[in-house]
Amino acid sequence: MFIKDYISKDFPCFNLTDSIESARNTLEDFGYSHIFIKKSNLFYGAIAKDFLYEEDGLLKDLEHQIERFAILEDHNIMDSIRLFHTFSANVIPVINKNEKYLGYICCDDIFQDLSKYPLFSESGAILTVETPARKYSMTEIANIVESNNSKFYGGFISFMSDEVIHVTIKISNENLSSVDATFDRYDYRIVEKYYSDDKSDLFKDRFGFFQKFIEI
């Protein structure tokens, strides 16, 4: 799951002396949200698509619109999720430790790979439970699920303060009423749940769950 295993190299990194028109044409061919800029043969930053339609000339005329974001080749693909979300990007430049541009990763490739994992691929129920911050334990949460003969596919902290923590989990759809009751018995409050009490109409929208994941 390292970034270096997902790098594509067919999207160019432009110079500030290149024309806005040429960058715009390339971007339209690829359908990406940003172009990438290099300066003195090192990665310099990215310019969002919308700015390329504001004027013609050279890319140096848009230098004030450059955003500085990239990911290192030896990072994990999970590190890329926040960048996709923060910069409203569907493509992220990949650099080495010397800040040389190596290529890029696109969100479609990353999401497709992540969708293979049970956290996203398995149908089931999604719960968000609240616990006092002082007693937070992902191990206990997983044990509660598994003690009711349900499968724990994974989870993450979706809210955190000094007082409380919200944990969003994906579980299989067995014994959901028992899982609910056990959480209540252990003083967890169920903040959200995406399934019905009669075990029908389960929430199966994988993309919706992934959206919750990237917003943390």
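A residue counts as buried when its relative accessible area is under 20%, as exposed when that value is over 50%, and as partly exposed in between. The exercises below apply this scale to a predicted model.

**Exercise 1. Determine whether S80 is buried or exposed, and identify its contacts beyond the sequence neighbourhood.**

Solution.
Step 1. Locate the residue: S80 belongs to helix α2, which covers residues 80–86.
Step 2. Apply the scale: the relative accessible area of S80 is 0%, so S80 is buried.
Step 3. List the contacts: once neighbours within four places in sequence are set aside, S80 touches I3, I71, I92, I105 and I110.

**Exercise 2. Describe the place, the accessibility and the contacts of F87.**

Solution.
Step 1. F87 is situated in the loop between α2 and β5, the latter being residues 91–95.
Step 2. With a relative accessible area of 21%, F87 is partly exposed; the limit for a buried residue is under 20%.
Step 3. Apart from neighbours within four places in sequence, the contacts of F87 are H34, E67, R68 and F69.
Step 4. Take one of these partners, E67: F87 and E67 are separated by 20 residues in sequence, and their C-alpha atoms by 8.6 Å in space.

**Exercise 3. State how many salt bridges the whole structure holds, and analyse the one between D56 and R24.**

Solution.
Step 1. Searching the whole structure gives 8 salt bridges.
Step 2. Check the distance: the closest N and O atoms of D56 and R24 are 2.9 Å apart, and the cut-off is within 4 Å.
Step 3. Place the partners: D56 is in the loop between β3 and β4, and R24 is in helix α1 (residues 20–30), so the salt bridge ties together parts that are 32 residues apart in sequence.
Step 4. Classify each partner: D56 is exposed at 54% relative accessible area, whereas R24 is buried at 14%.
Step 5. Recall the general principle: side chains of opposite charge can pair when their charged atoms come close.

**Exercise 4. Analyse the salt bridge between D74 and K97 by distance, place and accessibility.**

Solution.
Step 1. The closest N and O atoms of D74 and K97 lie 3.8 Å apart, which satisfies the cut-off of within 4 Å.
Step 2. D74 sits in the loop between β4 and α2, while K97 sits in the loop between β5 and β6 (101–106); the pair therefore ties together parts that are 23 residues apart in sequence.
Step 3. D74 is partly exposed, at 36% relative accessibility, and K97 is exposed, at 68%.

**Exercise 5. Carry out the corresponding analysis for K193 and D180.**

Solution.
Step 1. K193 and D180 form a salt bridge in which the closest N and O atoms are 3.3 Å apart.
Step 2. K193 belongs to strand β10 (residues 189–193) and D180 to helix α6 (residues 176–185), so this pair ties together parts that are 13 residues apart in sequence.
Step 3. K193 is partly exposed, with 35% relative accessibility, but D180 is buried, with 14%.

**Exercise 6. Identify which residues make the negative surface patch and which make the nonpolar one.**

Solution.
Step 1. The patch of negative charge on the surface is a gathering of D50, E54, E55 and D61.
Step 2. Consider one of its members, D61, which lies in the loop between β3 (42–48) and β4 (71–72). D61 is partly exposed, at 35% relative accessible area, and thus passes the requirement of over 30% for patch residues.
Step 3. The nonpolar surface patch, of about 240 Å², consists of M1, M78 and Y117.
Step 4. Among them, M1 is found in the segment before β1 (13–15) and is partly exposed, with a relative accessibility of 35%.

**Exercise 7. Characterise the backbone at N41 and S88, given their phi values.**

Solution.
Step 1. Begin with the general expectation: most residues other than glycine have a negative phi.
Step 2. N41, a residue other than glycine, has a positive phi near 65°. N41 is in the loop between β2 (34–39) and β3 and is exposed, at 63% relative accessible area.
Step 3. S88 likewise has a positive phi, near 45°. The loop between α2 and β5 holds S88, and S88 counts as exposed at 61% relative accessibility.

How values were computed:
Residues are numbered from 1 along each chain as its sequence is written. This is a predicted model: local features need pLDDT of at least 70, side-chain atom pairs count only at pLDDT 80 or more; totals for chains, interfaces and linings use all residues. Side-chain values use heavy atoms; hydrogens and water are left out. Patches are made of residues with over 30% relative accessible area and no salt bridge: like charges are joined within 9 Å, nonpolar side chains (Val, Leu, Ile, Met, Phe, Trp, Tyr) within 5 Å. Accessible areas come from the Shrake-Rupley method with a 1.4 Å probe; for residues, only the protein chains shown count as cover. A salt bridge is a side-chain nitrogen of Lys or Arg within 4 Å of a carboxyl oxygen of Asp or Glu. Lys and Arg count as positive and Asp and Glu as negative; His and the chain ends are not counted. The place of a charge is taken as NZ of Lys, CZ of Arg, CG of Asp or CD of Glu. Helices (H or I, at least four residues) and strands (E, at least two) are DSSP runs, numbered from the N terminus. Buried means under 20% relative accessible area, exposed over 50%, partly exposed in between (1.4 Å probe, protein chains only). Contact means heavy atoms within 4.5 Å.
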